[in-house]
Amino acid sequence: MKYNLSIVIPVFNEEESIPELIGWIERVMGEHSLLTYEILLIDDGSSDDSWNIIQDLATNKLAVKGIKFARNYGKSAALHTGFRASEGDVVITMDADMQDSPDEIPALYEMVAKEGYDIVSGWKKKRHDPISKTIPSKFFNLVTRKISGIKLHDFNCGLKAYRNKVVKNIEVYGEMHRYIPVIAKWNGFRKIGEKVVQHRARKYGETKYGLERFLYGFLDLLSITFVSKFKKSPMHFFGALGTLSFIFGFFVTIYIIGKKFYEIHYHLPVREITDQPLFFLALVALIVGVQLFLAGFIGEMITMNSPRKIDYIVDEEIGIG
């Protein structure tokens with residue numbers, strides 16, 4: 001069945017909030033009865049009663065569907081799997097902790113379906129988080145804007161809307177979920193906007209993320225920037241570095257040899273080449289240059305013959321397909 005809207009919700013130990021969240025979504029969608037929709041709950045290896053609750057909801061509510069991972073793979077895996085299973089023209093993602101308001105869903109849908117955006121990212125302009133999270137988050141978003149060239153204020157916001165074509169043509173892996181707009185841009189989806197959304201205080205449980213996510217976030221940003229630019233031609237990166245290293249080593253070697261001949265010709269004190277630290281620096285530069293070239297060639301062969309394959313072990317499904 002084709003839907004106007006798919007709502008993808010990663011779940012990890014949110015047994016208290018799931019029924020209330022689904023009820024809230026149903027009330028909002030009931031006010032927009034012309035929209036057909038599905039709710040995909042992706043249980044990311046929860047250790048509480050979340051999956052049993054998802055099973056009950058899927059049994060009693062036609063719109064609710066569930067996917068259960070065999071273990072905790074992370075939010076990126078949950079989103080990737082939800083994207084693959086979604087059938088809606090517009091796909092909206094949100095967190096299961098009820099800090100994202102379902103009241104924002106209709107406006108986000110309109111921006112994609114009628115205003116032509118590829119992606120609309122939520123912006124939690126007013127946040128209910130301690131300063132220990134808000135300040136690092138602002139710095140993180142600033143750096144991401146500068147590096148990616150995408151003018152979003154809140155890359156971390158889980159409340160986003162996507163055109164179906166976007167989620168079907170990108171791969172979200174590792175911890176790259178916060179960089180989906182960056183991945184989409186590098187894949188040619190450039191109409192990216194944002195909408196100020198309500199950020200609610202957490203009602204149940206505790207946050208699953210610590211400050212370490214900002215460190216990992218910067219490493220992931222460097223990774224996705226590198227991969228996006230050089231994944232199709234790694235020789236452009238490794239070959240350029242290898243060329244510079246080899247040329248440096250080559251000319252230093254020529255200089256050392258030429259200097260020795262000059263000293264011999266004019267009967268000056270001659271120092272053995274192997275006694276000069278500069279000789280070993282040149283030798284290392286030559287070897288590194290060759291190795292970088294080889295790395296580039298190997299990278300090219302891997303790129304051509306081994307496309308990325310992402311597999312997550314799904315334990316159970318309800319209502320999918």
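User: Before we look at Glu263 and Lys259, what counts as a salt bridge?

Analyst: A salt bridge is a side-chain nitrogen of Lys or Arg within 4 Å of a carboxyl oxygen of Asp or Glu. Keep in mind that this is a predicted model.

User: Thanks! Why is the contact between Glu263 and Lys259 called a salt bridge?

Analyst: The N to O distance between their side chains is 2.8 Å. The cut-off is within 4 Å, so the pair qualifies.

User: Where do Glu263 and Lys259 sit relative to each other?

Analyst: Both belong to helix H9 (residues 235–265), and because they are four residues apart, about one helical turn separates them.

User: What makes Glu263 buried?

Analyst: Its relative accessible area is 10%, and buried means under 20%, so the label fits Glu263. Lys259 has 32%, which lies between the 20% and 50% limits, so Lys259 is called partly exposed.

User: How do you know that Glu110 and Lys114 form a salt bridge too?

Analyst: Their closest N and O atoms are 3.5 Å apart. That is within 4 Å, so the definition is met here as well.

User: And is Lys114 buried or exposed?

Analyst: Lys114 counts as exposed, at 65% relative accessibility; the limit is over 50%, so the value passes. Its partner Glu110 has a relative accessible area of 32%, so Glu110 is partly exposed.

User: How many salt bridges does a search of the whole structure find?

Analyst: The search finds 10. One of them joins the side chains of Lys75 and Asp95, at 2.8 Å from N to O. That pair links distant parts of the chain, 20 residues apart: Lys75 is in helix H3 (residues 75–85), and Asp95 is in the loop between strand S4 (88–93) and helix H4 (105–113). Lys75 and Asp95 are both buried.

User: Let's turn to the strands. What makes S5 and S6 a pair?

Analyst: Pairing needs at least two bridges, and S5 (residues 119–123) has three with S6 (residues 160–163), so they pair, in the antiparallel sense. Ser121 stands opposite Lys160 in S6.

User: Which way do S5 and S7 pair, parallel or antiparallel?

Analyst: S5 pairs with S7 (residues 192–196) in the parallel sense, over five bridges. There, Glu194 is the bridge partner of Ser121.

User: Which residues of S5 are buried on each side?

Analyst: Ile119, Ser121 and Trp123 are buried on one side, and Val120 and Gly122 on the other.

How values were computed: Residues are numbered from 1 along each chain as its sequence is written. This is a predicted model: local features need pLDDT of at least 70, side-chain atom pairs count only at pLDDT 80 or more; totals for chains, interfaces and linings use all residues. Side-chain values use heavy atoms; hydrogens and water are left out. Buried means under 20% relative accessible area, exposed over 50%, partly exposed in between (1.4 Å probe, protein chains only).
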